[in-house]
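Thank you all for coming; I would like to take the next few minutes to walk through one model with you. Please have the sequence and the structure open while I talk.

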Amino acid sequence: MIVEIDKIPDDLFKKLKKIIKDKSIEANQELIGNIEEEYNLDKYISLIEPYLLKTIMMEPKLIKIVNERYDCNSVNKPFKLKNLWVNFQKKNEFNPIHNHSGIFSFIIFIKIPFLIEDQLKISPGKKASSNLPGVLQFLGFDQFRPLVFHNFFVDKKWEQSMLIFPASYAHCVYPFYKVNDYRITVSGNIKIDVQ
């Protein structure tokens, strides 16, 4: 279950574009990305947490996952934003297959410096059976196929949008090519507050 939010509120998007300039705490040692510039934004959790938690509570499919998998009611065990970071991905950098901790994770697309049509034309895989430049890919299993791919061809049109997904979902981000600008995303993990 991956929930797509077409557009986060304008005021929140503006705040995020400001806080990503804070490069005071590197996050590379905490993250798996083969990305040179990754920064911790935990000090700004209070700016985004209310919107995220409200959005999750308004998604019955997400609440159903919590109730089924964790046998708890999110009313008496509220959600909490556990951590927050920003990735400044350059051409040829990538995020290998990984998953996150917590109950849910999210990705907010701040800036995507390319159109997917252009990447498909210049990618080294343009003649391959699977050409995936800059693609965000989720991997899973079902009873009929050993491995299922869910590809998001994220490009400039995705700016200001968000994906929310179970933190356990394995995913990766493929490199993009020949564009000298950053692909900027803000991500984080949401847990159940057991205090």
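L139 stands opposite A170 in β9, and this is one position in the pairing of strand β6 (residues 136–140) with β9, which is antiparallel and runs over four bridges. When I speak of strands or helices, I mean DSSP runs numbered from the N terminus, with at least two residues of type E for a strand and at least four of type H or I for a helix, and two strands pair if DSSP finds at least two bridges between them. Before going on, I should say that this is a predicted model, in which local features need pLDDT of at least 70 and side-chain atom pairs count only at pLDDT 80 or more, while totals for chains, interfaces and linings use all residues. Residues are numbered from 1 along each chain as its sequence is written, and side-chain values use heavy atoms, with hydrogens and water left out.

Coming back to β9, its other pairing is with β4, where the strand β9 (residues 170–173) is joined in the antiparallel sense over two bridges, and H98 stands opposite H171 there. Put together, the order β4-β9-β6-β7 describes an open sheet of four strands with antiparallel pairing. β4 (95–98) and β7 (148–152) each have a single partner strand and stand at the edges, so one side of each is left without a neighbour in the sheet. On average, and ignoring direction, neighbouring strands of this sheet are turned by 15° against each other; the angles are taken between lines fitted to C-alpha atoms, in N-to-C directions, from 0 to 180 degrees, and for helices the fit covers the stretch in contact.

Let me move to β8. Is this strand enclosed or open to the outside? Five of its five residues are buried, so β8 is largely enclosed by the rest of the structure, where buried means under 20% relative accessible area, exposed means over 50%, and partly exposed is in between, with a 1.4 Å probe and protein chains only. Strand β1 (residues 3–5) is joined to β8 by three bridges in an antiparallel arrangement, with V3 opposite I164. β5 also runs antiparallel to β8, through five bridges, and I108 has M162 as its bridge partner in β8.

Next, the aromatic residues. The structure holds nine aromatic pairs, and here rings of Phe, Tyr and Trp (its six-membered ring) pair if their centres lie within 6.5 Å, with planes under 30 degrees apart called stacked, over 60 edge-to-face and the rest tilted. One of them joins F79 and F104 edge-to-face, at 6.0 Å centre to centre and 70° between the planes. This pair links distant parts of the chain, since F79 lies in strand β3 (residues 79–89) and F104 in strand β5 (residues 104–111), 25 residues apart. F79 counts as buried at 7% relative accessibility, and F104 is buried with a relative accessible area of 0%. A further edge-to-face pair is formed by F109 and W158, at 5.6 Å centre to centre and 80° between the planes; F109 is in strand β5, whereas W158 is in the loop between β7 and β8 (162–166), 49 residues apart. Both F109 and W158 are buried, and ring pairs link these two with F138, F152, F165 and Y169 into a cluster.

F109 also appears among the contacts of R183, together with residues including N87, K111, L136 and F176; contact means heavy atoms within 4.5 Å, and here residues up to four places away in sequence are not counted. R183 is found in strand β10 (residues 183–192), and at 3% relative accessibility it counts as buried.

Turning to the helices, α1 (residues 10–19) and α2 (residues 45–57) pack at an angle of about 145°, with their axes 11 Å apart. The contact is made by L12, K15, L16 and I19 of α1 and by L47, I48 and Y51 of α2.

Finally, two backbone positions. Most residues other than glycine have a negative phi. N92, in the loop between β3 and β4, has a positive phi near 75°, and at 47% relative accessibility N92 counts as partly exposed. Q160, in the loop between β7 and β8, has a positive phi of about 80°, but Q160 counts as buried at 11% relative accessibility.
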